[in-house]
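Visitor: I am new here. Could you walk me through this structure?

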Amino acid sequence: MTMSGKRRFVREDVLRIKEPSYRSLPDKTIKMNDNSNLFSINPIVRKIREQFDFESLSAYPSVSSDMLRNAVAGKNGVDPSQVIVGNGSDEIIDLVVKAFVDPGDAAVILSPSFEMYSRYLAVAGARIIESTLDAENFGIDVESIISSRAKIKFICSPNNPTGNAFSLTDIRRIAEESDSIVVVDEAYIEFALDQESAVGLVDELDNVIVLRTLSKAYGLAGLRIGYAVGGREPVGFVRRICAPFRLNRLSEWVATKAIESDDFVKKVAEMAKEERDWTSSALSSLGAVVYPSVTNFLLFKPPVPSAVLVASLMDMGIAIRDCGEKPLLDGCARVTLGPRKLNERFIDAVRTVTEDAS
Ligand SMILES: Cc1ncc(COP(=O)(O)O)c(C=O)c1O
């Protein structure tokens, strides 16, 4: 069969990828769907106007964001050569895949988990091996992950969208016993008050790369800042393919200040814990099954079909995420928590929809 138009020029791997369903929501929508920080504004944001040197914007930023890399290194007790910063941790996932994955290489991801790993892996032409979580408690199958022969393994902990974290002992075993690059995505670790970070492994286990973001607990999603801390050798390979000047001066300045003073993050994590407890019991009393979470979001199975709930809430101006199509999550939805008033508004809306349906 001959291909028409410009399809002739497109890579086979790109043709196989579904068009993304991303869409921008109207500004007025209450966005309880993207796990950003809805609790409060990071105080550094209010200082930008008086403290940031706007005239410096006529000059390029530093080639590889040295000021921010130094701050991240200091905070995590590693050398700056072990740090990469990026335009959101999404960009770093892309860079890591580009640096390590050849077409046809095997890569392990958890299922269900954050969708961007499979997206970037598909672009790279990887053979994706899904390690399905335990259907009861979303636990991780350590043995099967270790025994899967793959160049790269992505472990999201705490996991999006299930909300649970995996023990550092399990993560350590996977890294120790796998002849692979192990990427541990800790986008939500700041909310998991009792969870130890895998950053402590990177000097000992030279195959570990840990991803972090300032889009969640730090409350800076709009600036797009993520970072990775890892073994010197793997990080060195990723740095080889980094374009210069990827972070702009404003993002680098704000991120550096935010990392240097993270009392705000601790307060947000405390608020998230309280709101998880409150919202979980409110949802349960409406007949939903709520899964344990250590993050700023809850996965739950409402008493009405998730697609109906999500569409009805959207009509009321509240966006949440339908997870009902994902493996193991039939009928489930995910809601990002915020201050009590917002969660009450969400609960009132869920009550209206469930009462109307009965
Ligand atoms: C697990 C996980 N990793 C990474 C990201 C991407 O974060 P960023 O905004 O830094 O690109 C997200 C965003 O939702 C996420 O849930």
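Visitor: How far does a backbone N or O atom of Ser89 lie from an oxygen atom of the ligand?
Guide: This is a predicted model, where local features need pLDDT of at least 70, side-chain atom pairs count only at pLDDT 80 or more, and totals for chains, interfaces and linings use all residues. Residues are numbered from 1 along each chain as its sequence is written, and side-chain values use heavy atoms, with hydrogens and water left out. A polar contact is a pair of N or O atoms within 3.5 Å. For the backbone atom of Ser89 and the ligand oxygen, the distance is 2.6 Å.

Visitor: How much of the ligand's accessible area does the protein cover?
Guide: Accessible areas come from the Shrake-Rupley method with a 1.4 Å probe. On its own, the ligand has 400 Å² of accessible area. The protein covers 92%.

Visitor: Which side chain has an N or O atom 2.6 Å from a nitrogen atom of the ligand?
Guide: Take the side chains in turn. Asn160 has a polar side-chain atom 2.8 Å from an oxygen atom of the ligand. The one paired with the ligand nitrogen belongs to Asp185.

Visitor: Which helix gives the most to the shell around the ligand?
Guide: The ligand is surrounded by 14 residues, each with a heavy atom within 4 Å of it. They divide into 5 nonpolar, 5 polar and 4 charged. Helices here are DSSP runs (H or I, at least four residues), and strands are E runs of at least two, numbered from the N terminus. With 3 residues in the shell, the top helix is α4 (residues 88–100).

Visitor: What is the order of the open sheet of 7 strands?
Guide: Two strands pair if DSSP finds at least two bridges between them. Pairing in this sheet is mixed. The order is β2-β8-β7-β6-β5-β3-β4.

Visitor: Which strands are at the edges of that sheet?
Guide: An edge strand here pairs on one side only. The twist averages 20° from one strand to the next. The edge strands are β2 (83–86) and β4 (127–132).

Visitor: What is the bridge partner of Val210 in β8?
Guide: Strands β7 (residues 208–213) and β8 (residues 226–230) run antiparallel, joined by 5 bridges. The partner of Val210 is Val229.

Visitor: At what angle does helix α8 run to β2?
Guide: Helix α8 (residues 232–240) lies across β2, β6 (181–185), β7 and β8. Axes are lines fitted to C-alpha atoms, for helices over the stretch in contact (heavy atoms within 4.5 Å). Angles run from 0 to 180 degrees between N-to-C directions. Here the angle is about 35°.

Visitor: What is the bridge partner of Asp322 in β13?
Guide: An open sheet of 4 strands has the order β9-β10-β13-β12, with antiparallel pairing. Over 2 bridges, β12 pairs with β13 (residues 333–336). The partner of Asp322 is Ala333.

Visitor: Which residue is joined to Pro161 by a cis peptide bond?
Guide: Most peptide bonds are trans. Pro161 is in the loop between β5 (152–156) and α7 (168–177). Its cis bond has omega near 15° and comes from Asn160.

Visitor: What is the phi of Arg224?
Guide: Most residues other than glycine have a negative phi. Arg224 is in the loop between β7 and β8. Its phi is positive, although Arg224 is not a glycine, at about 60°.

Technical notes. A polar contact is a pair of N or O atoms within 3.5 Å; within protein, one must be able to donate a hydrogen and the other to accept it, and residues adjacent in sequence count only if both atoms are side-chain atoms. Ala, Val, Leu, Ile, Met, Phe, Trp, Tyr, Cys and Pro count as nonpolar, Asp, Glu, Lys and Arg as charged, and the others, Gly among them, as polar.
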